[in-house]
Amino acid sequence: MYSDHLHKFNQILPSSNILTDPDITSSFCTDHRNRYHGEAFAVLQPDNVDAIQKIMRYCHQHHIPVTPQGGNTGLCGGATPHSSISKQGIILSLSKLNRLRNLSYDDNTITVEAGMILADLQTEARNAGLYFPLSLASEGSCQIGGNIACNAGGVNVVRYGTTRDLVIGLEYVLPTGELISHLQPLHKNTSGYEMRQIIIGSEGTLAIITAATLKLFAQPLSILTAWIGIDTIQTAIDLLQRLRNQFSDRISSFELISSQALKLSSSYSQLQPPTEAAWHILLELTDSIPNQNLTDPLISVLEQGNWLNTVIAQSETERNQLWKLRENISEAQRHLGASIKHDIALPIEYIADFVEHSQQQLQQAFPHAQTILFGHLGDGSLHYNVFLGDTLNNDVYQHEDNINKIVYECVIKHHGTVAAEHGIGQLKTQWIPQIRTQSEINWMRIQKQTLDPHNILNMGKVLPPLP
Ligand SMILES: Cc1cc2nc3c(=O)[nH]c(=O)nc-3n(C[C@H](O)[C@H](O)[C@H](O)COP(=O)(O)OP(=O)(O)OC[C@H]3O[C@@H](n4cnc5c(N)ncnc54)[C@H](O)[C@@H]3O)c2cc1C
């Protein structure tokens, strides 16, 4: 059976782009957290769009499940095959479809293929004297197609928006093999429904993204990076308000880091904590005009609120060290062991109250729980990761439902969402009915049924199982 399929794939791709050896395919079948272990009879690595169309057409005809995969850095099990598929499907890896197609100075845009690594895309923009602002700790491995599929956020959302705000044109292959390509850099286009907005954030359930046209910006030439120790989250929010009044869109990053998260990262990174405090803010102010004095107005804001437990980076090395402390939190946690992760967003006005109440409830139910809390406070999103005492292996997942119930119910009570930027994947499908109305879910099912009538694309992800 599989040999017929492989024979067909061999007519579409060179054999070097068809992986079947389980020693090689196992890393594609395992997610970044080593939590989900799927199966696939082959991993296909097409390097052109025509091949993707042919593969999808064949899989559609033969009802072969397809799991699209970018850099496989996703944290919700979206990029590895669902366990219900067993070995019947393929993984479609986009990593070889990674060319720069165009860079337009007139339109200030770049068009790249989906498999381009995010850090390479940033470099392409930089080499052209421009700036692509999407930035995540996984940028050395994640791909722009994966970023678009998840509508990734990262550390610059407060100024530049999420990935959705950066995509101006999109090319994708539907599950039937049909190609839809709108890569023109049009800042305005009101000619009917905008399909790309449904594809962005659909986590590979509606289409294979093959290329995108993305907005570029002027490079930040004046940069101020500061680390501010504070006593409460509410104080951090007060500071954010004052900074917004003073600096408006020159605030690029406003990251919150708890003392526990800092302790973990500073020991992993072998760097001293810059400040002693219960909470920390990593602030970055930027301006595209060189030699702007951002320091004096910042000091004046900090003096007004007595936020004087502050370190301002004096060199690129110091700036890199401050960012390393922030960016290494995820990897430091991975080294520590398994945890129950929550990628949540709330209206900023409710965050302090949410953290207080959820922590009280967690401590009552799980006295040994320790929460590593950090995130993008400037846009209202938090990473809220619960470690349970000495249970640092996958046994911790036995408690996942109870912990999620406490955290997510508190999030919902505070008008938030259970998926800020990592998506739903296969991790959170059962929570969709709590945060979306039945009408919205019905509408999503209609889109899925219309575009993917045989349900071959990323089966078992995003939508909750049918009752
Ligand atoms: C250390 C670390 C830090 C992180 N920090 C952040 C952060 O700050 N902000 C944030 O948003 N995320 C963050 N993430 C999560 C993750 O890196 C992002 O979600 C990223 O956008 C995923 O890209 P990827 O290429 O690895 O996608 P994958 O993990 O390969 O796939 C993710 C989803 O997209 C689908 N997909 C991938 N490529 C395509 C394609 N071409 N067409 C259709 N579907 C596709 C997959 O099927 C899957 O559902 C972090 C992860 C790590 C490990």
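A crossing of two helices is left-handed if the near helix is turned anticlockwise from the far one by less than a right angle, and right-handed if clockwise. Keep that in mind for the exercises below. The model is predicted: local features need pLDDT of at least 70, side-chain atom pairs count only at pLDDT 80 or more, and totals for chains, interfaces and linings use all residues. Residues are numbered from 1 along each chain as its sequence is written.

**Exercise 1. Describe how H9 packs against H13, and give the hand of the crossing.**

Step 1. Find the elements: helices (H or I, at least four residues) and strands (E, at least two) are DSSP runs, numbered from the N terminus. H9 covers residues 233–247, and H13 covers residues 351–365.

Step 2. Take the geometry. The axes are lines fitted to C-alpha atoms, for helices over the stretch in contact, and angles run from 0 to 180 degrees between N-to-C directions. H9 and H13 have axes 8 Å apart and pack at an angle of about 165°.

Step 3. Classify the angle. Under 35 degrees counts as roughly parallel, over 145 as roughly antiparallel, 65 to 115 as roughly perpendicular and the rest as oblique. H9 and H13 are therefore roughly antiparallel to each other.

Step 4. Name the hand: the crossing of H9 and H13 is right-handed.

Step 5. List the contact, where two residues count if their C-beta atoms, placed from the backbone, lie within 7 Å. H9 brings Ile233, Gln234 and Ile237, and H13 brings Ile351, Ala352 and Val355.

Step 6. Sort by class: Ala, Val, Leu, Ile, Met, Phe, Trp, Tyr, Cys and Pro count as nonpolar, Asp, Glu, Lys and Arg as charged, and the others, Gly among them, as polar. The H9–H13 contact has five nonpolar residues, one polar and no charged.

**Exercise 2. Do the same for H13 and H14.**

Step 1. The axes of H13 and H14 (residues 400–413) come within 9 Å and cross at roughly 160°. That makes H13 roughly antiparallel to H14.

Step 2. The hand of the H13–H14 crossing is right-handed.

Step 3. Phe354, His357, Ser358, Gln361, Leu362 and Ala365 of H13 meet Asn402, Ile406, Val407, Cys410 and Val411 of H14. This contact of H13 with H14 holds seven nonpolar, four polar and no charged residues.

**Exercise 3. Work out which residues make the contact of H9 with H11.**

Step 1. H9 and H11 (residues 295–304) have axes 10 Å apart, at an angle of about 145°, and their crossing is right-handed.

Step 2. Arg242, Leu243 and Gln246 come from H9, while Pro297, Val301 and Gln304 come from H11. Three of the residues in the H9–H11 contact are nonpolar, two polar and one charged.

**Exercise 4. Which residues come nearest to the ligand, and which element gives the most to the shell around the ligand?**

Step 1. A residue is near a molecule or strand if its C-beta atom, placed from the backbone, lies within 6 Å of it. Of the 38 residues around the ligand, Gly70, Gly78, Gly145, Gly146 and Gly204 come nearest.

Step 2. H5 gives the most to the shell around the ligand, with five residues.

Step 3. By class, the shell around the ligand has 13 nonpolar, 21 polar and four charged residues.
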